[in-house]
Every structure is written in C-alpha cells, then in structure tokens.
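Colleague: Could you take me through a few points of this fold, one at a time, with the reasoning behind each?

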Amino acid sequence: MEVGVAYRNVTPLLGTALRGYYIERLADAVHDPLQVKAMVIGDGEQFFVLAVVDIIDVAPHAYQRARAYISQHWEIPMDFITVASTHTHTGPFLTEDYENVLFEAIIEAVDEARANRIPVVMKAGSTEEQDISFHRRYFMKDGSVKFNPGVLNPDIVKPAGPIDPEVGIVVFENLAGKPHAILVNFAIHLDTIGGTAISADFPHFLEQELKAYFQEDTAVVFATGTCGNINHIDVSKEDRLKSFDKSVQIGHTLAQKVIGYYQHLVTEKLPRIVARAQQLTLQTPVYSEAVIQQASIDAVMQSDEEASTPLIREARKILRVANLEGKGLQAEVQVILIGSTALVMLPTEVFVELGLAIKARSPFGHTLVVTFTNHSVGYIPDQPAFAHGAYEVEVSMIEAGQGEVLVETAVTLLNELFEEVSR
C-alpha cells in the first residue's frame with residue numbers, strides 16, 4: 001500500500017461569528033488551528049481520498065466542488081472520494097468566501113498528499129471506551145423524553161438509548177515500523193469547550209498526545225461516529241472539568257486507548273480498495289398552508305428567557321422544509337472497503353442507534369461508521385425517537401423512518417462489496 005498525508009490551515013480571522021449555539025459568539029482568540037487533513041490511500045490500482053475538515057457542518061458547495069475537481073483532475077471515481085467535517089462547535093459559520101477558502105485548501109491538501117505517498121503497512125482493529133460518552137436523551141418520570149435534562153436532575157429515569165463505545169483504529173506504518181498516519185473513529189459530539197476561542201476541540205489534544213508518543217510527523221485524523229444523540233455529559237454526577245480541561249481529558253482518554261491497543265492491531269495482508277455509493281432523496285414532512293403561515297409568525301418570535309425555544313425551533317424547521325418545495329433532501333451513502341476494514345460514510349447528525357444497526361448487520365468483521373460526510377441534511381433520528389420529540393426531532397427536516405432508509409442502503413452496499421471481494 002501507499003499513503004500520503006497533508007494538512008492545510010483554515011483558521012478564520014478573529015471577529016468571525018462562531019457556529020454551534022443559539023447565541024452570537026464572535027471569535028476573540030485562537031486556541032488551536034482549524035485544519036483540512038487529507039489522506040490519499042492507494043493499493044497499486046485504485047486510490048481512496050479522505051479529507052476531514054475542522055468545522056461544524058458539511059460545507060456543501062466547497063465539498064461538492066472539491067470532490068468533482070479531484071475526480072476530474074486525478075481520474076478518481078467519486079465513490080472513492082470523501083470529504084467530511086468533525087463537527088467542532090468552536091468553528092465558523094459557513095459563508096461563500098469561507099467555502100471558497102475550504103475548496104482551495106481541500107484540493108491543495110489532497111494534491112500534496114497524493115504527491116507525497118510512501119509505502120506503508122496497514123493495521124486495524126477496535127477497542128472500547130465506556131466512560132467518556134453518554135446518551136443525551138433521557139426518559140423522565142412524567143413519561144416524556146428530554147434532551148440534556150441537567151446534571152443530577154431527580155426526575156431522570158434512565159437514558160433513552162445506548163452509546164457506541166467502539167474506538168475504531170486504522171494505522172498506516174512506514175517500512176521502519178513507525179506510524180505514518182492514524183485514523184481514529186469514535187461517536188461523541190465535539191461540543192466540550194464553548195466560549196469564543198477558535199478550536200478543533202478534543203481531536204487537537206488526541207493528535208498532540210499521539211504525536212508526542214509516536215513521532216512528531218505522525219498524521220492523526222479523527223473521523224466522527226454516529227453522535228447525533230451522544231455527548232460528553234454524565235448527568236449522574238457533577239463534573240469538575242469544564243471547557244478545555246474536559247476536551248483535554250477526552251483527547252487523552254482516546255489517545256491512551258489507541259496507544260494501549262496498538263500492539264493488538266491486525267496487519268492487513270490483502271489491502272485492496274473497493275467502494276460503492278448510492279445517491280438518495282430523503283423524504284421531508286408535508287405541511288399545510290395554515291401550518292406554514294403560523295410558522296412564519298412563530299419563527300420571528302424572541303424569547304426573554306432563552307435564545308431559542310421548542311416553538312421557535314420547530315417553526316424555523318417548518319419554513320426550511322417548505323422552502324424545499326417538496327424536493328426532499330439529497331444525501332449519499334458511501335461504503336469503502338480497505339482490505340477487511342469497511343468504512344461507511346453517512347451525512348451529518350445521525351443517531352447512534354442507526355450506526356449500531358449498520359455495524360450489527362455488516363458482513364465485515366471491522367466496520368467503522370463516519371458521519372458529517374459529503375452532504376448536509378441536519379439531524380437524522382431513528383424512527384422511535386419521533387414519537388418522543390425533544391430537540392433533535394424538533395429541528396430534524398426528515399420524515400420518520402428515513403434514518404432507517406440510510407441503514408438499509410448501507411447494509412445493501414456492504415453486502416454487495418462482500419459478494420464482490422468473496423468471488
């Protein structure tokens with residue numbers, strides 16, 4: 001195999017509005033840089049391109065332009081090209097100018113990564129981490145489900161679902177046996193810091209610790225798992241760690257998992273790269289004219305107590321859906337097989353239950369699910385969540401059951417690849 005890696009800095013200017021909450025935040029410091037991290041992986045016949053950007057959402061124009069450019073100029077099929085976001089909540093809003101910056105940075109990083117490929121040996125495997133991620137929807141004593149109901153809330157009965165404890169690891173070692181590039185996959189929201197300092201959140205600290213342990217020129221790429229309803233808050237106790245201290249803890253914990261499991265990774269003997277993708281149109285709700293008219297009134301309301309309320313959030317969602325004019329939301333499911341490791345690429349904020357369903361039904365022994373890839377469609381809850389409502393459902397623009405469509409599509413593609421490589 002061959003692997004090339006390259007970074008590009010995409011840190012915005014101070015004074016830039018940061019995205020992630022319902023309040024205005026203007027960047028007044030840079031704690032650590034935002035970057036494009038590109039990996040180009042080759043098996044001698046085919047390339048797989050992965051570019052991961054430290055921003056909160058998929059940048060639709062930049063990502064689609066970059067994928068098209070890479071495909072055309074380097075003759076790599078689109079199915080083999082993924083551009084993803086980490087979902088950091090301390091990065092900028094996406095403007096036209098910033099998307100142009102991202103486009104240039106992505107193609108430059110991929111070009112450099114393609115040019116500096118070196119021979120490598122691939123190793124892969126997974127371990128588990130149970131103590132840093134938590135389901136953020138809870139059954140309450142009154143029968144409702146609440147999003148982030150508060151630490152030590154006596155009305156909490158139990159979490160409304162599971163976590164995904166899998167720490168997926170793919171390492172590409174140079175011929176001296178040192179890690180040239182490390183890909184880490186885990187399901188947790190990148191929302192531990194808050195405030196007004198620009199930061200890539202805990203992947204920055206994960207990278208720093210792995211570089212310090214292995215070697216300074218080791219590239220570390222974090223790929224976000226199905227974290228639509230997973231965060232870092234343990235409601236059962238007060239946590240003394242806040243902001244950057246919490247981010248450091250999570251980065252350290254994941255780094256130690258990688259270091260501790262490194263010797264157990266399995267060497268890939270037949271690192272063939274194959275891929276398939278399916279374009280989808282996710283169905284959206286249909287609202288009456290009366291509902292849309294009322295939403296146009298509710299959407300401009302202001303709350304004295306909160307920056308947003310369920311009524312305001314749902315009204316704004318209704319208007320966004322109405323603006324689609326019944327066309328639905330474009331999405332894509334990608335499956336890339338590198339040796340015996342399958343990577344499933346899904347759009348934006350997917351609920352953990354859907355990721356676990358894909359893994360459970362995958363014909364491959366090592367399947368990692370990556371989100372915030374290629375297309376932006378907002379929250380994708382599983383079907384049971386729609387009956388309970390709460391924040392993610394209030395803002396989700398899809399019909400109930402469309403998350404399960406993603407699962408079925410991913411499983412179909414995985415089975416097709418399994419049949420192809422088994423011939």
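Colleague: In which strand does Val-36 lie?

Modeller: This is a predicted model, and the answer is read from its strand assignment. The strand that holds Val-36 covers residues 35-42, and that strand is E4.

Colleague: Is Val-36 buried or exposed?

Modeller: Buried is the term for a relative accessible area under 20%. Because the relative accessibility of Val-36 is 0%, this residue counts as buried. Its contacts beyond four places in sequence include Ala-6, Tyr-7, Val-52 and Ile-106. With 0% accessibility, then, Val-36 is buried.

Colleague: Which strands stand at the edges of the open sheet of E6, E5, E4, E1 and E8?

Modeller: The five strands of this open sheet run in the order E6-E5-E4-E1-E8, and their pairing is mixed. Two strands have a single partner strand each, so one side of each is left without a neighbour in the sheet; they are E6 (81-85) and E8 (118-119).

Colleague: Which residue of E6 is the bridge partner of Val-53?

Modeller: Strand E5, residues 47-53, pairs with E6 in the parallel sense over five bridges. Val-53 is also among the residues that Val-36 contacts. In E6, the bridge partner of Val-53 is Ser-85.

Colleague: How far apart are the end C-alpha atoms of helix H10?

Modeller: Helix H10 takes in residues 402-422, and its buried residues include Leu-406, Val-407 and Leu-413, with helix H7 (352-361) and strand E21 (329-338) among the elements that cover the buried residues. At 1.5 Å a residue, the 21 residues of H10 should span 30 Å, which agrees with the separation of its end C-alpha atoms, 30 Å.

How values were computed:
Residues numbered from 1 in each chain as written. Predicted model: local features only at pLDDT ≥ 70, side-chain atom pairs only at ≥ 80, totals over all residues. Heavy atoms only, no water. Helix = DSSP H or I, 4+ residues; strand = E, 2+ residues; numbered from the N terminus. Expected span 1.5 Å × (residues − 1). Buried < 20%, exposed > 50% of the residue type's maximum accessible area, 1.4 Å probe, protein only. Contact = heavy atoms within 4.5 Å. Pairing = 2+ DSSP bridges.
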